[in-house]
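I opened the notebook today to look up side-chain contacts. Here are my entries, in the order I made them.

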Amino acid sequence: MALMRGFLGAKKILSRSVTATTPKGFLAVYVGEDQVQKKRYMVPVSYLNQPSFQALLSKSEEVFGFDHPMGGLTIPCPEDAFISVTSAL
């Protein structure tokens with residue numbers, strides 16, 4: 001019983017820390033061509049409907065499929081290209 005309470009308490013703490021790092025209405029993406037140095041960006045979920053952002057996601061799917069090595073959505077493009085696309089949205 002104590003183990004179950006401990007598990008539930010840990011689950012609450014982890015869910016709070018995940019929520020705190022990724023605000024509601026946003027998603028985290030990792031951007032960069034180098035496997036070692038990728039930067040994490042928070043983008044509004046509304047970007048998912050934009051054709052230019054969808055093109056970036058299609059490139060990601062071609063390169064990684066659904067197996068993202070960073071544990072999150074990875075967009076394999078130069079950082080300046082990502083910033084250019086998202087700043088136009």
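**Entry 1, terms first.** I count a residue as buried under 20% relative accessible area, as exposed over 50%, and as partly exposed in between. I also note that this is a predicted model.

**Entry 2, the charged pair.** I looked for salt bridges and found 1 in the structure. Lys-39 pairs with Glu-79, and their closest N and O atoms are 3.3 Å apart. I then checked where the partners sit: Lys-39 is in strand S2 and Glu-79 in helix H3, 40 residues apart, so the bridge links distant parts of the chain.

**Entry 3, exposure of that pair.** Are the two partners buried or exposed? Glu-79 has a relative accessible area of 29%, so I call Glu-79 partly exposed. Lys-39 comes out at 45%, which also makes Lys-39 partly exposed.

**Entry 4, the aromatic rings.** I went on to the rings and found 3 aromatic pairs. One of them is Tyr-41 with Phe-82, a tilted pair with 5.1 Å from centre to centre and 45 degrees between the planes. Why does this pair tie together parts that are 41 residues apart in sequence? Because Tyr-41 lies in strand S2 (residues 39–44), while Phe-82 lies in helix H3 (residues 79–87).

**Entry 5, surroundings of the rings.** I looked up the accessibility here too, and both Tyr-41 and Phe-82 are buried. Tyr-41 and Phe-82 also belong to one aromatic cluster, together with Tyr-47 and Phe-53.

**Entry 6, looking back.** I have strand S2 and helix H3 down twice now: for the salt bridge of Lys-39 and Glu-79, and for the ring pair of Tyr-41 and Phe-82.

Note on methods
Residues are numbered from 1 along each chain as its sequence is written. This is a predicted model: local features need pLDDT of at least 70, side-chain atom pairs count only at pLDDT 80 or more; totals for chains, interfaces and linings use all residues. Side-chain values use heavy atoms; hydrogens and water are left out. Rings of Phe, Tyr and Trp (its six-membered ring) pair if their centres lie within 6.5 Å; planes under 30 degrees apart count as stacked, over 60 as edge-to-face and the rest as tilted. Helices (H or I, at least four residues) and strands (E, at least two) are DSSP runs, numbered from the N terminus. Buried means under 20% relative accessible area, exposed over 50%, partly exposed in between (1.4 Å probe, protein chains only). A salt bridge is a side-chain nitrogen of Lys or Arg within 4 Å of a carboxyl oxygen of Asp or Glu.
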